[in-house]
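Thank you all for coming. Before I begin, please bring up the sequence and the model on your screens, so that we can look at them together.

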Amino acid sequence: MVPVRLTGPRLALREYRHTPEEVDALHALYGDPEVTRYLPFEPRDRETCADQIELYLEEAMAEERGVYRLAVVRREDAGDAGDAGDLEDALPVAHAALTLGEYRSARLGYVLSRPVWGRGYAGEITGLLCEFSFGALGLHRLAARVDVENTASAKVLTRLGFRLEGRVRHDLYKGGAWRDSYRYSLLADEWSGPPAPRPGAGQGREAGQGG
């Protein structure tokens with residue numbers, strides 16, 4: 001495995017570690033009903049979150065990696081302004097994902113813990129995923145699914161240049177009800193780089209299929 005580490009002004013995306021602390025951090029995300037409100041699954045227990053991290057590491061070891069599920073940490077939580085080694089000790093506050101598809105495409109997603117909502121982190125995470133996708137991975141198209149009620153994530157994507165392709169009706173059944181979603185996309189030649197971080201840029205919880 002070639003570990004992935006993406007570093008922004010305030011955040012870093014890195015591979016997960018299968019430790020009790022990181023399982024707890026993931027459970028703080030996926031065990032929270034408010035955080036998972038727009039995700040395509042119900043809240044998960046701690047044991048399931050431990051299994052998820054094991055899956056993430058297996059995916060990372062694949063000979064041809066098709067999925068990137070990365071822990072999002074704050075650089076301020078690591079010593080020495082976020083040096084590489086110290087980033088391993090900083091606990092995740094969010095989750096980011098890229099799922100590769102055909103024709104140099106991928107779906108992206110993210111989810112943030114409630115204590116860090118409203119700080120503009122969603123935009124920084126999405127910007128790092130875009131840079132990685134159109135740079136190192138050489139992708140041509142990124143797509144994201146957003147629940148129609150998740151206006152914060154829709155604003156994050158629009159600010160980064162994603163274009164609305166349309167509305168998909170009843171593409172998810174959750175909590176005894178059907179839900180619609182908006183589909184967004186961004187092409188490589190439309191990407192001009194991330195805007196400067198702006199506190200309060202959005203409290204996005206999920207853009208695309210997390211998990």
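I will talk about the nonpolar cores, then about one helix, and then about one residue in that helix.

Please keep in mind throughout that this is a predicted model. Let me start with the largest nonpolar core, which has 51 residues, and in which Tyr-30, Leu-112, Ile-125, Leu-142 and Phe-162 touch the most other members. The element that gives the most to this core is helix 4, residues 121-134, with 8 residues. Apart from this core there lies another one, made of 5 residues, including Val-73, Ala-78, Leu-87 and Ala-90.

If we go back to Ile-125 and set aside its neighbours within four places in sequence, we find it in contact with Leu-11, Val-72, Ala-94, Ala-96, Tyr-110 and Leu-112.

Now to helix 1, residues 20-30, where the buried residues are Glu-22, Val-23, Ala-25, Leu-26, Leu-29 and Tyr-30. When we look down the axis of helix 1, these buried residues fall within an arc of 160 degrees, so they line one face of the helix. Among the elements that cover them are strand 2 (11-14), helix 2 (46-60), strand 4 (94-101) and strand 5 (105-112).

One residue on that list deserves a closer look: is Glu-22 buried or exposed? Glu-22 has a relative accessible area of 0%, and because the cut-off for buried is under 20%, it counts as buried. Its side chain reaches the backbone nitrogen of Arg-17 at 3.1 Å. Leaving aside neighbours within four places in sequence, Glu-22 is in contact with Arg-14, Tyr-16, Arg-17, Ile-53, Glu-88, Ala-90 and Pro-92.

Definitions and conventions
Residues numbered from 1 in each chain as written. Predicted model: local features only at pLDDT ≥ 70, side-chain atom pairs only at ≥ 80, totals over all residues. Heavy atoms only, no water. Core = buried A, V, L, I, M, F, W, Y, C linked by side-chain atoms within 4.5 Å. Buried < 20%, exposed > 50% of the residue type's maximum accessible area, 1.4 Å probe, protein only. Helix = DSSP H or I, 4+ residues; strand = E, 2+ residues; numbered from the N terminus. Contact = heavy atoms within 4.5 Å. Arc of directions from axis to C-beta. Polar contact = N/O pair within 3.5 Å; in protein donor to acceptor, adjacent residues only side chain to side chain.
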